[in-house]
Amino acid sequence: MSREVILYIGVSLDGFIAKEDDDLQWLYEVEGEGDNGYSEMYATIDTTIMGKRTYDYVIEHAESFPYPEKKNYVFTTSDQGSNEYVDFVNEDVVAFTKKLKDQKGAKIWMVGGASILDDFIKENLIDEYIITVTPHILGSGIPLFREKNPQINLTLIDTKRFGQFVQLHYIVK
Ligand SMILES: NC(=O)c1ccc[n+]([C@@H]2O[C@H](COP(=O)([O-])OP(=O)(O)OC[C@H]3O[C@@H](n4cnc5c(N)ncnc54)[C@H](OP(=O)(O)O)[C@@H]3O)[C@@H](O)[C@H]2O)c1
């Protein structure tokens with residue numbers, strides 16, 4: 001059986017993952033509960049994939065790299081090689097992910113952002129969607145989903161409330 005790819009991401013009620021200037025303060029200010037399901041998800045994965053802009057945001061804002069015990073792949077056309085925590089990859093992300101899925105291991109977390117996610121959506125490569133909705137209508141920003149996607153039918157397997165967050169958990173049919 002191949003490894004599952006999960007999208008675990010926070011999104012405003014109107015579908016934005018960040019403001020246009022990458023501001024995420026609104027997301028961090030939400031009154032949640034505990035760690036809002038993060039450690040439960042984190043325990044199921046051993047690999048992350050993210051785009052370079054998300055990586056840069058994390059490096060700039062986190063005190064230390066937050067996923068040090070995982071295998072981390074950062075997709076970029078502008079960097080090469082690796083550092084203590086991540087491998088920079090400039091390959092076809094779909095072929096790369098399909099190869100990863102065929103290897104032994106735990107789940108793979110597609111961290112984001114929207115640009116790299118678009119490649120996954122267009123190929124229906126996400127197996128599980130764990131979407132945490134924040135109590136905001138942001139009005140504008142970076143949308144989670146772009147246009148001209150295939151229709152993907154989902155089954156809702158769980159919902160959880162964490163304070164002001166609602167977490168929706170779907171698997172692809
Ligand atoms: N709300 C949340 O939970 C959440 C989660 C994740 C991210 N975010 C936010 O989302 C924003 C970033 O999202 P984004 O959509 O602008 O950018 P992104 O997807 O994180 O990164 C885009 C960059 O990744 C590289 N890339 C993307 N697809 C690639 C491919 N197929 N092959 C090689 N490289 C590829 C390119 O880097 P190069 O230009 O270097 O080639 C591209 O410029 C940040 O503000 C971040 O904080 C929010």
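In this predicted model, β9 and β10 form a hairpin with two residues between them. Gly 163 sits in the turn and has a positive phi of about 55 degrees. The hairpin belongs to an open sheet of eight strands with mixed pairing. A ligand is surrounded by 27 residues.

**The hairpin**

- Strand β9 covers residues 154-162 and is joined to β10 by eight bridges. The two strands run antiparallel.
- Thr 159 is found in strand β9. Its opposite residue in β10 is Leu 168.
- Thr 159 touches Val 166, Gln 167, Leu 168 and His 169, leaving aside residues up to four places away in sequence.
- Thr 159 counts as exposed because it has 10 C-beta neighbours inside 10 Å, and the cut-off for exposed is 12 or fewer.
- Thr 159 and Glu 123 are 36 residues apart along the chain. Their C-alpha atoms are separated by 26 Å.

**The sheet**

- The strand order is β5-β4-β3-β6-β1-β7-β10-β9.
- β5 (86-89) and β9 are the edge strands, each pairing on one side only.
- From one strand to the next, the twist averages 20 degrees.
- Strands of a sheet pair through backbone hydrogen bonds, either parallel or antiparallel.
- β3 and β6 run parallel and are joined by five bridges. Thr 48 stands opposite Trp 109 in β6.
- β1 and β7 also pair in the parallel sense, over seven bridges. Here Gly 10 stands opposite Thr 132 in β7.
- β7 (residues 128-134) pairs with β10 (residues 165-172) in the antiparallel sense, over six bridges.
- Across that pairing, Val 133 stands opposite Val 166 in β10, and Tyr 129 has Tyr 170 as its bridge partner in β10.

**The two faces of β7**

- In a regular strand the side chains alternate between the two faces of the sheet.
- Side chains along β7 alternate. Glu 128, Ile 130, Thr 132 and Thr 134 point to one face and are buried.
- Tyr 129, Ile 131 and Val 133 point to the other face and are not buried.
- Two of these residues can be placed by their strand partners: buried Thr 132 faces Gly 10, while Val 133, which is not buried, faces Val 166 in β10.

**Helices across the sheet**

- α3 lies across β3, β4 (71-75), β5 and β6. Its direction is about 105 degrees to β3.
- α5 lies across β1, β3, β4 and β6. Its direction is about 130 degrees to β6.

**The ligand shell**

- Among the 27 residues around the ligand, the closest are Gly 51, Thr 77, Gly 112, Gly 113 and Ser 115.
- The elements giving two or more residues to this shell are β1 (5-12), β2 (16-18), β3 (45-51), α3 (52-61), β6 (107-112) and α5 (114-122).
- By class, the shell holds 13 nonpolar, 10 polar and four charged residues.
- A cis peptide bond joins Gly 112 and Gly 113, with omega of about -5 degrees. Both glycines are listed among the closest residues to the ligand.
- Gly 113 lies in the loop between β6 and α5.

**Backbone exceptions in loops**

- Most residues other than glycine have a negative phi, and most peptide bonds are trans.
- Asn 124 has a positive phi, near 50 degrees. Its place is in the loop between α5 and β7.
- Asn 124 is exposed because 12 other C-beta atoms lie within 10 Å, and the exposed class takes 12 or fewer.
- Lys 148 has a positive phi, near 55 degrees. Lys 148 lies in the loop between β8 (142-143) and β9.
- Lys 148 is exposed, with 7 other C-beta atoms within 10 Å.

**A long-range pair**

- Glu 29 is found in the loop between α1 (25-28) and α2 (38-42). Glu 29 is exposed, with 11 other C-beta atoms within 10 Å.
- Glu 29 and Thr 134 are 105 residues apart in sequence. In space they are 10.0 Å apart, C-alpha to C-alpha.
- Their settings contrast: Thr 134 is buried, whereas Glu 29 is exposed.

How values were computed: Residues numbered from 1 in each chain as written. Predicted model: local features only at pLDDT ≥ 70, side-chain atom pairs only at ≥ 80, totals over all residues. Near = placed C-beta within 6 Å. Helix = DSSP H or I, 4+ residues; strand = E, 2+ residues; numbered from the N terminus. Nonpolar A, V, L, I, M, F, W, Y, C, P; charged D, E, K, R; others polar. Pairing = 2+ DSSP bridges. Buried ≥ 20, exposed ≤ 12 C-beta atoms within 10 Å, placed from the backbone. Contact = placed C-beta atoms within 7 Å. Axes fitted to C-alpha atoms, helices over the stretch in contact; angles between N-to-C directions.
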